[in-house]
Amino acid sequence: MTRSLKFSRRNFCLSGGQALAITGLAGPALAQRRQARAPIAQTIVSALSELADAELISGRPEAAVTGVALLSNPTLAALRKAVAAHCSLILSPETPFYAHPADPAAASAPFAAMAASAISALHESPAFKAKQAFIADHGLTVYRLNPRANSGRDISAEATAARFGWTAHRVPGEHPIYAPPGMSVGTLIGLAHARLGASGGLRFIGDPAMRLRSILIVPGTAEVVSTTQALRHADALLTGDVREWEVVTYINDSAEAGLPKALVATGRILSEQPLVERCALAVRNAFPGVPLRNLVEPDPFWRVQA
Amino acid sequence: MTPRELVELINRKAAAVGTPPSPVPSRRDTFKAGDPDAQITGIFTTGMTTFNVLRRAVAAGRNMIIPHEDTYFRDNDITDFLGDDPIYLAKKAFIEQNKLIIWRNHDLAHRMRPDQLFAGQLRTLGWTADPINPAPRMPIVTLPKPMTLRALTRYAVARTGTHSHRVTGDPNMIVRKVAVGVGYAFPSMPTMPDIDAIVGGESAEGSASTLPTLDQSAFAADMTALGRPRGIIFLGHMGTEDSPMTVVADWLRGFVPGIPIDFLPAGEPFHRPLQGFTDTLPVRRA
């Protein structure tokens, strides 16, 4: 099977005549001219205010933007690609620095010394230092995009539903549940592959032939309390990352309880790509003259035959 | 013997071999269900108290289960968020109707020296921890001979039998030294600069965690990008903390007379991958 993403790296990032802006222009004079009329980072992220809260991670909000890179996973390799495409503003649902900073209140918690030592090791690690230096050396401004989810709207789930062609099949109610016709566990898995590129990282629960009347979408990581409560109203959960002792066990127990539910977990990074794409479209619409790259990553996981 | 007497005996035996009671009582290692003063008919240890494990225990005529993980879908087993959830109520009713007794053994098993879960996983993997003094909580293993990440994956998968494993890293990278994890006790790659790969259970993907928990996959990818290849084999929670509960069953049999005690596998929760998802080695791109 091949991926059939609506907006692949090839056909999306170079649309609208922006290919020339990215690949054809170089040299300090041209860069200066572009910067002189370029919007600043803060202006660009303000165009996303209805989609996500933009959290500044590195750089300056007032920095002139030479190009915008939307990254589903801001690895060093992805940052290098963004810089090679002359992008100075990095937007991603993930931070390049692997986690939220430590909570200062945790300094008095049990094992605080062990935690401090682990954090120190990270900060001294080649990967952390190289990334920090790369971002500084190239004058990158980096924002983390925290998707909006309130008042019955979950922007990331809606973007996923749109990617799957389910927008018209939304079930009324507070949860992002969809009822596309003719769905089974097997067809949902096929769609997760075709629409999100899920492959070696995909895990699922349920008989592949099981019919699904309704599917709850939880992009990112499925937290146990909110997910199990919403899942009472759906046959299946389509999500990114899951904890085995929480949501997974709940779904695993469902068949034995006589109320079978299914799970399709694609991995967190892949599950966030529809949100990234939607943010990319918003930037492109608001700033058609600003070069843009939406770097679509393949499934980061693989497996061998057991 | 009653479950209450059994737990007291377990704690005395643990203390006698160098693991005294924790100064802070464990909130995990408590009775989750059943009458602690009933008579035990038989015991199963297991990785997870799945509904299926409960049914098999009843079918075998045993009324006590000692799982490593929670029963009601959350580490603290506080069920108020479940309310009248029908899946929860069905599981709870089955436990009550069959008078099952569940006592979780998580923290004690990990406090034992050696940690019973790591000992069990090393046995499953057929490895011996490198002699390091003091011994790190998460064992480091220098492989008998270097192998590719792909070969190491095939080895670990064959030893554990996991079909829902996931791997990140270059399949052709050479692995000499690994760090072993179990369950969510996952070695922190930045603290182990000279290991090539982690063979662990599960770890949160992405950067939603708060330090010191971090996205290990992204860290490994960045190390690889810097020319220091790193790989991670995620065997899953039940790929690392199910069969090691055999160690707990073996230990109990040594001092609990007259009660049948065995390990009952919970198994992987995930379905076997469908065709097309079973062997997904990445193709090198030009």
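This passage describes the interface between chain A and chain B, then the salt bridges and the cysteines, in a predicted model.

The interface was examined first. Contacts between the two chains involve 75 residues on the side of chain B and 72 residues on the side of chain A. The size of an interface is often given as the accessible area lost when the parts come together. For chain B and chain A, this buried area is about 6500 Å², and carbon and sulfur atoms account for 64% of it. Three residues, Glu205(B), Phe270(B) and Phe277(B), supply 12% of the area that chain B buries against chain A, which is more than any other three residues.

Polar interactions across the interface were then counted. The rule finds 33 residue pairs in polar contact between chain B and chain A, with both residues at pLDDT 80 or more. On the side of chain B that touches chain A, the elements giving two or more residues are helix 2 (51–59), helix 3 (86–97), helix 6 (149–160), strand 6 (166–168) and helix 7 (216–225) of chain B. Helix 7 of chain B gives the largest share of this side, with seven residues. Sorted by class, the side of chain B that touches chain A holds 34 nonpolar, 22 polar and 19 charged residues. Six salt bridges cross the interface of chain B and chain A. One of the salt bridges in the model joins Arg243(A) to Glu202(B), with 3.0 Å between the closest N and O atoms.

Over all chains, the count of salt bridges comes to 30. Within chain A, the side chains of Arg153(A) and Glu158(A) meet in a salt bridge with an N to O distance of 2.6 Å. The two partners fall into separate accessibility classes. Arg153(A) counts as partly exposed because its relative accessibility is 45%, between the limits of 20% and 50%. Glu158(A), in contrast, counts as buried because its relative accessible area of 16% is under 20%.

Salt bridges also occur within chain B. Arg123(B) forms a salt bridge with Asp250(B), and the closest N and O atoms are 3.5 Å apart. This pair links distant parts of the chain: Arg123(B) belongs to helix 5 (residues 116–125) of chain B and Asp250(B) to helix 8 (residues 245–253) of chain B, 127 residues apart. Arg123(B) is partly exposed, at a relative accessible area of 48%, and Asp250(B) is also partly exposed, at 31% relative accessibility.

A further salt bridge in chain B connects Asp262(B) with Arg253(B), where the closest N and O atoms lie 3.8 Å apart. Asp262(B) is partly exposed, with a relative accessible area of 30%. Arg253(B) is partly exposed as well, with a value of 40%. In addition, a network of salt bridges links Arg27(B), Arg28(B), Glu69(B), Asp75(B), Arg104(B) and Asp107(B).

The cysteines were considered last. A search of the whole structure finds zero disulfides over all chains. Cys279(A) is in no disulfide, and the nearest cysteine sulfur, which belongs to Cys87(A), is 15 Å away. A disulfide would require the two sulfur atoms to be within 2.5 Å, so Cys279(A) and Cys87(A) do not qualify as a pair. Cys279(A) is buried, with a relative accessible area of 0%. Cys87(A) is likewise buried, with a relative accessible area of 3%.

How values were computed. Residues numbered from 1 in each chain as written. Chains lettered and ligands numbered in written order. Predicted model: local features only at pLDDT ≥ 70, side-chain atom pairs only at ≥ 80, totals over all residues. Heavy atoms only, no water. Contact = heavy atoms within 4.5 Å. Buried area = accessible area lost by both parts, 1.4 Å probe. Salt bridge = Lys/Arg side-chain N within 4 Å of Asp/Glu carboxyl O. Polar contact = N/O pair within 3.5 Å; in protein donor to acceptor, adjacent residues only side chain to side chain. Helix = DSSP H or I, 4+ residues; strand = E, 2+ residues; numbered from the N terminus. Nonpolar A, V, L, I, M, F, W, Y, C, P; charged D, E, K, R; others polar. Buried < 20%, exposed > 50% of the residue type's maximum accessible area, 1.4 Å probe, protein only.
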